[in-house]
Amino acid sequence: MPRPTLDGIRQASMQTINKGKLMVGLTSEEEMESQVSNDSESTYLDEAADILCPDMTFQQRLIGFASCFTIGYLITFMSFKFFIELIEGYPVPFALNYSFGNIMSLMSSCFLCGPRKQFKNLFDDTRRQTSIVYLSCLGATLVVVFLPIQWVLQLFILICLLITQCLSSFWYSLSYIPYGRRTVARVV
């Protein structure tokens with residue numbers, strides 16, 4: 001077996017990076033084809049990327065979405081078993097589980113439409129403000145948990161952030177339902 005050269009490793013790495021960019025939607029297939037050399041030789045890294053990121057059927061995507069979404073919300077709801085600890089001044093387990101569950105359920109839609117389209121949908125004109133509020137509250141929740149401030153103030157800030165996070169997630173979800181936001185705005 002020939003010993004790998006530095007140039008061969010560099011070329012294999014660039015091909016893998018380009019393939020990763022294509023999978024997440026950072027480049028188009030045309031751009032990738034113009035960047036990649038005409039070498040049709042399959043490398044070990046390309047084969048590994050194919051194994052780790054296979055093409056999924058629609059049924060597999062639905063199963064992945066449903067599994068990730070369900071597990072994410074189960075983690076979110078199960079985090080309420082730590083709510084008493086949150087009130088007693090130890091918010092870390094609750095906040096970490098709650099935030100992780102929300103992130104997991106939010107990322108579940110990547111199975112349906114892919115990471116690039118999910119990111120575009122998050123920052124679409126109709127969802128941009130809600131997404132920024134939601135993601136900011138998520139990040140702020142994780143930051144406030146570790147701040148060395150009085151636990152009463154920390155509790156108040158965390159509960160405000162969690163309520164805002166819940167409401168913005170609900171408002172974000174309504175943007176996918178035709179006339180959903182308009183109907184709720186009229187009722188409220």
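A residue counts as buried when its relative accessible area is under 20%, and as exposed when that area is over 50%. These cut-offs are applied here to a predicted model.

The protein has eleven helices and zero strands. From the N terminus on, every element in the run is therefore α, as the order α-α-α-α-α-α-α-α-α-α-α shows. Of the 188 residues, 31% are buried. The exposed surface of the protein comes to about 12900 Å². Carbon and sulfur atoms supply 67% of that area. Among contacts with a separation of 6 or more, 63% join residues 24 or more positions apart.

Helix α4 was examined in detail. It covers residues 58-78, 21 residues in total. At 1.5 Å a residue, α4 should span 30 Å. Its end C-alpha atoms lie 30 Å apart, which agrees with that expectation.

Which residues of α4 are buried? They are G64, C68, G72 and T76. These residues cover an arc of only 90° around the axis, so they sit on the same side of α4. An α-helix has 3.6 residues a turn, so residues three or four places apart point the same way.

The other side of α4 carries exposed residues, namely Q59, F77 and M78. The packing partners of the buried residues of α4 are two helices: α6, residues 92-107, and α7, residues 110-113. Helix α4 thus has a side with buried G64, C68, G72 and T76, and another side where Q59, F77 and M78 are exposed.

How values were computed
Residues are numbered from 1 along each chain as its sequence is written. This is a predicted model: local features need pLDDT of at least 70, side-chain atom pairs count only at pLDDT 80 or more; totals for chains, interfaces and linings use all residues. Side-chain values use heavy atoms; hydrogens and water are left out. Helices (H or I, at least four residues) and strands (E, at least two) are DSSP runs, numbered from the N terminus. Buried means under 20% relative accessible area, exposed over 50%, partly exposed in between (1.4 Å probe, protein chains only). Contact means heavy atoms within 4.5 Å. Accessible areas come from the Shrake-Rupley method with a 1.4 Å probe; for residues, only the protein chains shown count as cover. The expected span of a helix is 1.5 Å times one less than its number of residues. The arc is that of the directions from the helix axis to the C-beta atoms.
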